[in-house]
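User: I'd like to understand the reasoning behind the labels given to this structure. Could you walk me through it?

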Amino acid sequence: METVLLDTPSGIDARLAWDPRVSEHDRRRVLSRELVSERLGIDAKTVRVEREAPTVFGHHTQLFAELDGAELPLQIRTTSFRAATIVAVADPGITIGIDLRDSHLDKLEAQEMHRHSHLWDGSSEADFLRHWVHVKAVIAADGRGTRVRPEAVRLDTGLNRGWIPDRPARYNIADVSRNGFLITIAYAQPAA
C-alpha cells in the first residue's frame, strides 16, 4: 500500500493511502497506527486502534488510539473515496473534518454537486468539484453529517473559510490535494 504524508496545518498530521487490494477498514487502521506512532515517536506495533461503540442508530463512530490500555488524547478522523483513504490525527481541542475525491465524477455525483451548489452558471466542473470538496469537509467538521444540507454551508470568496449559519463555529479550510486526489481539511483551533 502506497502512502503519502500530506502538508497539513499545525496540530494536524494526515496521510493519504491508496490500494484497491487493501480494504478500507485496513487502510484506516494502518494509517492511524503510522500517524500516531510517528507523532509520539513510538513503535507502531505498540499502538492499538479501536472504533468507539455507536451510541445510537446511525451514529458515525470514530477511531481512537490506545497505548498500554490508555486512550491517547488525539483525535483521529478518516474518509475514503473508492480505493483511497485519508487519516488525519489532530491535537486535542482541534475540530477537524476532511473530504477526499478524485477528478473522475460519475453522473450522479455531478448532479448532486450542481443541485446543492451556490456557484454561478458558467462555472467549470473543476470549480464545482473544488467547491464540493470544501463544503463536504465543513460538514464533516460540523459533526451533524447528513442532517446538514450541503447548500446550507457558506464559504468565503477565496474558499479559505467555511461555516454553517446556525452554528457559531468558523472553520479554516486547507487544500492539501495530492497525487490526483482533491483533499480538503476544514478545521478550527481551540478557543484561547
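User: Which elements do the buried residues of α3 pack against?

Analyst: Happy to help, and please keep in mind that this is a predicted model. The buried residues of α3 pack against β8, α2 (107-116), β9, β10, β11 and β12. Those buried residues include Phe128, Leu129, Trp132, Val133 and Val135.

User: How do you know that the span of α3 is close to the expected one?

Analyst: α3 has 18 residues and reaches 26 Å from its first C-alpha to its last. At 1.5 Å a residue, 26 Å is also what is expected. Just after the helix comes glycine 143, with a positive phi near 90 degrees.

User: Which strands form the sheet with β8 in it, and in what order?

Analyst: Five strands make up this open sheet, in the order β8-β12-β11-β10-β9, and their pairing is antiparallel.

User: What makes β8 and β9 edge strands?

Analyst: β8 (95-102) and β9 (154-155) each have a single partner strand, so one side of each has no neighbour in the sheet. The partnership of β9 with strand β10 (residues 161-163) is antiparallel and rests on two bridges. Two strands count as paired if there are at least two bridges between them, so β9 and β10 qualify. Within that pair, leucine 155 stands opposite glycine 162. Helix α3 (residues 125-142) packs on the sheet, touching β8, β9, β10, β11 (170-175) and β12, and its direction makes about 145 degrees with that of β8.

User: Why is aspartate 99 called buried?

Analyst: Aspartate 99 has a relative accessible area of 6%. Buried means under 20%, so aspartate 99 is buried. This residue lies in strand β8, and leaving aside residues up to four places away in sequence, aspartate 99 touches Thr79, Val133, Lys136, Ala137, Leu182, Ile183 and Thr184.

User: Why is alanine 44 called partly exposed?

Analyst: The relative accessibility of alanine 44 is 26%. Partly exposed is what falls between buried, under 20%, and exposed, over 50%, so alanine 44 takes that label. Alanine 44 sits in the loop between α1 and β3 and touches Arg33 and Ser37, not counting residues up to four places away in sequence.

User: What about aspartate 68: why is this residue called exposed?

Analyst: With a relative accessible area of 76%, aspartate 68 is exposed, because the label requires a value over 50%. Aspartate 68 lies in the loop between β4 and β5. Aspartate 68 also has a positive phi of about 55 degrees although it is not a glycine.

User: What makes β3 and β5 edge strands?

Analyst: They belong to an open sheet of three strands, in the order β3-β4-β5, with antiparallel pairing. β3 (47-51) and β5 (70-71) each have a single partner strand, so one side of each is left without a neighbour in the sheet. Strand β4 (residues 63-67) pairs with β5 over two bridges in the antiparallel sense, and leucine 67 has alanine 70 in β5 as its bridge partner. Helix α1 (residues 24-40) packs on this sheet, touching β3 and β4.

User: Why is β7 called largely enclosed by the rest of the structure?

Analyst: Seven of the seven residues of β7 are buried, so the strand is largely enclosed. Ala84, Ile86, Ala88 and Ala90 point one way, Thr85, Val87 and Val89 the other way, and all are buried.

User: Which strands pair with β7 over seven bridges?

Analyst: Seven bridges join β2 to β7 in the antiparallel sense, with leucine 16 opposite isoleucine 86. β6 and β7 also pair antiparallel over seven bridges, with threonine 78 opposite valine 87. In the hairpin of β6 and β7, two residues lie between the strands and arginine 82 takes a positive phi near 55 degrees. Arginine 82 is partly exposed, with a relative accessible area of 47%.

User: How many aromatic pairs are there, and what makes the pair of tryptophan 18 and phenylalanine 181 tilted?

Analyst: The count is one aromatic pair. The rings of tryptophan 18 and phenylalanine 181 have centres 6.1 Å apart, and pairing requires centres within 6.5 Å, so they pair. Their planes stand at 45 degrees, neither under 30 nor over 60, so the pair is tilted. Tryptophan 18 lies in strand β2 (residues 12-18) and phenylalanine 181 in strand β12 (residues 181-188), so the pair ties together parts that are 163 residues apart in sequence.

Note on methods: Residues are numbered from 1 along each chain as its sequence is written. This is a predicted model: local features need pLDDT of at least 70, side-chain atom pairs count only at pLDDT 80 or more; totals for chains, interfaces and linings use all residues. Side-chain values use heavy atoms; hydrogens and water are left out. Rings of Phe, Tyr and Trp (its six-membered ring) pair if their centres lie within 6.5 Å; planes under 30 degrees apart count as stacked, over 60 as edge-to-face and the rest as tilted. Helices (H or I, at least four residues) and strands (E, at least two) are DSSP runs, numbered from the N terminus. Contact means heavy atoms within 4.5 Å. Axes are lines fitted to C-alpha atoms, for helices over the stretch in contact, and angles run from 0 to 180 degrees between N-to-C directions. Buried means under 20% relative accessible area, exposed over 50%, partly exposed in between (1.4 Å probe, protein chains only). The expected span of a helix is 1.5 Å times one less than its number of residues.
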